[in-house]
Amino acid sequence: MSDVVEPVSEALVKRARAALGRRNLVFVGLMGAGKSAIGRLTAQALSLPFVDSDHEIERVSRMTIAELFAAYGEAEFRALETRVIKRLLQSGARIVSTGGGAYINPQTRRHIQKSGVSVWLNADLDVLWERVNKRDSRPLLKTDDPRGTLEKLMIDRYPIYAEADASVLSRDVKKERIVEEVLEAIAGLPPKK
C-alpha cells in the first residue's frame, strides 16, 4: 500500500467548515501530540487563521514558557494561560493549539467548551516520548525520570482530555492523514446548542 496521501477533498473541507461555523477549533492533548503541526495544516485546509497559545503567551509576556514556569510557578502560568486563551477564543473561527495543561484547567476548559470545538490529539506513550525526549524545553519533564513523568501526566490527564468534542489518534503517519481524520471528526459532530 502506498504512503501517498491524496489532498483533502473539497467536499470534506466544506462539511467540516459548515460543522464548525463561526466557532474556534481548539486542539488539546499532551506535549508531543502534534497540536501545533496538525493545527497549522488544519488551518491551511480550512483557510482559517492559526494561533498557538504557547507562542501567544510568550509574545505577550516576553518570556519563554520555561522562564515563566521558573519565575512564577505553574499556578501563575496557568492563570496567564487561561486569560490568553479566553482572549484568543473571542475572535472566533480560528484554529488554536493549546499547551498540554491548558484543557486540564476547569476554567480554561469551560471557555473552550463555550466558544469552540475541541479535538483531542491522543497519542500513546512511545509516540509522545519519541517526539519530546530530544528537546530540553519542557518544564514539566525536568525530572529525574522524564518518561515516567510523561506517563503519569497521561494517567492524570487522559480522562480529562476525553471530555473533548472529538478524539483523533496521533501516530506516526503522514500529517495530512491526521488532518483528514480531524476534518472527518469535525464534520461528523452534531451541532452545538
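**Entry 1: the sheet**

I began with the sheet of this predicted model, and I found an open sheet of 5 strands in the order 2-3-1-4-5, with parallel pairing. I then looked for the edges, which are strand 2 (50-52) and strand 5 (166-169), each of them pairing on one side only. I also noted the twist, which averages 25° from one strand to the next.

**Entry 2: strand 1 and its partners**

I turned next to strand 1, residues 24-28, which runs parallel to strand 4, residues 116-122, and is joined to it by 5 bridges. Going through individual positions, I found Leu25 with Val117 of strand 4 as its bridge partner, Val26 opposite Ser118 in strand 4, and Val28 opposite Trp120 in strand 4.

I also looked up the pairing of strand 1 with strand 3 (residues 95-97), where 3 bridges join the two strands and the direction is again parallel. Here I picked out Phe27, which stands opposite Ser97 of strand 3.

How many residues of strand 1 are buried? I noted that 5 of its 5 residues are buried, and I therefore wrote the strand down as mostly covered, taking buried to be under 20% relative accessible area. As for the directions of the side chains, Asn24, Val26 and Val28 point one way from strand 1, while Leu25 and Phe27 point the other way, and all are buried.

**Entry 3: strand 4**

I followed strand 4 towards the edge of the sheet and found that strand 4 and strand 5 pair in the parallel sense over 4 bridges. In this pairing Trp120 has Ser167 of strand 5 as its bridge partner, and I recalled that Trp120 also stands opposite Val28, as I had noted under strand 1.

I then checked how far strand 4 is covered, and since 7 of its 7 residues are buried, I recorded it as largely enclosed by the rest of the structure. Gly116, Ser118, Trp120 and Asn122 point one way from strand 4, whereas Val117, Val119 and Leu121 point the other way, and all of these are buried.

Which helix lies across strand 1 and strand 4? I found helix 5 (residues 106-115) there, running at about 120° to strand 4.

**Entry 4: helix 3 against helix 4**

I looked next at helix 3 (residues 53-61) and helix 4 (residues 65-89), whose axes come within 9 Å and cross at roughly 110°. Because of that angle, I wrote down helix 3 as roughly perpendicular to helix 4. The crossing of these two helices is right-handed. On the side of helix 3 the contact includes Ile57 and Val60, and on the side of helix 4 it includes Leu68, Phe77, Leu80 and Val84. When I sorted the contact of helix 3 with helix 4 by class, I had 9 nonpolar, 2 polar and 6 charged residues.

**Entry 5: helix 1 against helix 8**

I then took helix 1 (residues 10-20), which packs with helix 8 at an angle of about 50°, the axes being 8 Å apart. I therefore recorded helix 1 and helix 8 as oblique to each other, and their crossing as left-handed. Leu12, Val13, Arg15, Ala16, Ala19 and Leu20 of helix 1 meet Glu180, Leu183, Glu184, Ile186 and Ala187 of helix 8. The residues of this contact divide into 8 nonpolar, no polar and 3 charged.

**Entry 6: Ile178**

Lastly I looked up one residue of helix 8 (residues 175-187), namely Ile178. Is Ile178 buried or exposed? I noted it as buried, because its relative accessibility is 2%, and the cut-off for buried is under 20%.

I also asked what Ile178 is in contact with, leaving aside its neighbours within four places in sequence, and the list I wrote down was Ile38, Leu121, Val168, Leu169, Ser170, Arg171 and Val173. One of these, Leu121, I had already met in strand 4, where it is buried. For Ile38 I looked up the separation as well, and found Ile178 and Ile38 to be 140 residues apart in sequence and 7.2 Å apart in space, C-alpha to C-alpha.

Notes: Residues numbered from 1 in each chain as written. Predicted model: local features only at pLDDT ≥ 70, side-chain atom pairs only at ≥ 80, totals over all residues. Heavy atoms only, no water. Pairing = 2+ DSSP bridges. Axes fitted to C-alpha atoms, helices over the stretch in contact; angles between N-to-C directions. Contact = heavy atoms within 4.5 Å. Parallel < 35°, antiparallel > 145°, perpendicular 65-115°, else oblique. Left-handed = near helix turned anticlockwise from the far one by under 90°. Nonpolar A, V, L, I, M, F, W, Y, C, P; charged D, E, K, R; others polar. Buried < 20%, exposed > 50% of the residue type's maximum accessible area, 1.4 Å probe, protein only.
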